[in-house]
Amino acid sequence: MYYIALLAVAVASYLIGSLNSAIISVRLIKRQDIRDFGSHNAGLTNVYRTFGGASAALTFLIDILKGIVVVFGTKAALFWSGLFSTEVHSTVTACMIASMFAVMGHCFPLFYGFKGGKGILIAAVCTICINPLAFLFALTAFVVIFVATRYVSLSSITCCIVYPICYVLADLIMFGELDLYTLAHFFIALAMGVFCLVRHLPNIQRLRTHTESKFTFRKRGDNK
């Protein structure tokens, strides 16, 4: 019964993830399809560079809400409702599985031809709701690379690579040992990192050819 309920939560999380925030916000504010502009990626960075702060802020807000709904919705549906006991089933593992499906939906959305964003922001929101220490480790990696290079893509790619390790380190620090749940968390985080990494393949190619754009606080089209 528990695994059927968990599967239902996972499917719901995928559908929530498929509600692409960049596409929704730009259509609401600009009546345009973000995939027709800039890097053609339906993600926060491209929204900011192409359409500016208002569209980016709405994109950011929707992704935050998606992550919160997925994590706390999972807790409410499975555990706070009294259906299942936290003494028998791991809340963290259940929320991570739901988050993995939400990230999958964000990267490969059912509603938009399976071509969505890169999943970094929703993964970050889910992580901070589930395991703030793992989020802090990943954020540190992001900031260090971003400050050194000003490449958002390279910083995000770094997070994809170190993300599973962040969960292992967090479990080790919080519980003082590694167990089967830690192994499960590692592989779930690995899957999330792979989803996001696949969506960064065009960025990796541009980084290799030195054509990737560095982050600037001016949107494209602003006068220098």
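In this predicted model, 69% of the protein's contacts with a separation of 6 or more link residues that sit 24 or more positions apart. The fold behind that figure is built from 10 helices, with zero strands, so reading along the sequence simply gives α-α-α-α-α-α-α-α-α-α.

As for overall dimensions, the C-alpha trace spans about 60 × 35 × 25 Å along the principal axes. The radius of gyration comes out at 18 Å, which agrees with the value near 17 Å that a compact globule of 224 residues would have. Of those 224 residues, 46% are buried, meaning that their relative accessible area is under 20%. On the outside, the protein exposes about 11200 Å², and 70% of that area is supplied by carbon and sulfur atoms.

One helix pair can be looked at in some detail. Helix 6 covers residues 120-130 and helix 7 covers residues 132-149; the two pack with their axes 6 Å apart, at an angle of about 140°. That angle makes helix 6 oblique to helix 7, because the roughly antiparallel label is kept for angles over 145 degrees. On the helix 6 side, the contact is made by A124, T127, I128 and I130, while helix 7 brings in P132, A134 and F135. Sorted by character, the residues of this contact come to six nonpolar and one polar, with no charged residue among them. The polar one is T127 of helix 6.

Notes. Residues numbered from 1 in each chain as written. Predicted model: local features only at pLDDT ≥ 70, side-chain atom pairs only at ≥ 80, totals over all residues. Heavy atoms only, no water. Axes fitted to C-alpha atoms, helices over the stretch in contact; angles between N-to-C directions. Helix = DSSP H or I, 4+ residues; strand = E, 2+ residues; numbered from the N terminus. Parallel < 35°, antiparallel > 145°, perpendicular 65-115°, else oblique. Contact = heavy atoms within 4.5 Å. Rg over C-alpha atoms; globule rule 2.2 N^0.38 Å. Buried < 20%, exposed > 50% of the residue type's maximum accessible area, 1.4 Å probe, protein only. Areas by Shrake-Rupley, 256 points an atom, 1.4 Å probe, with all protein chains shown as cover.
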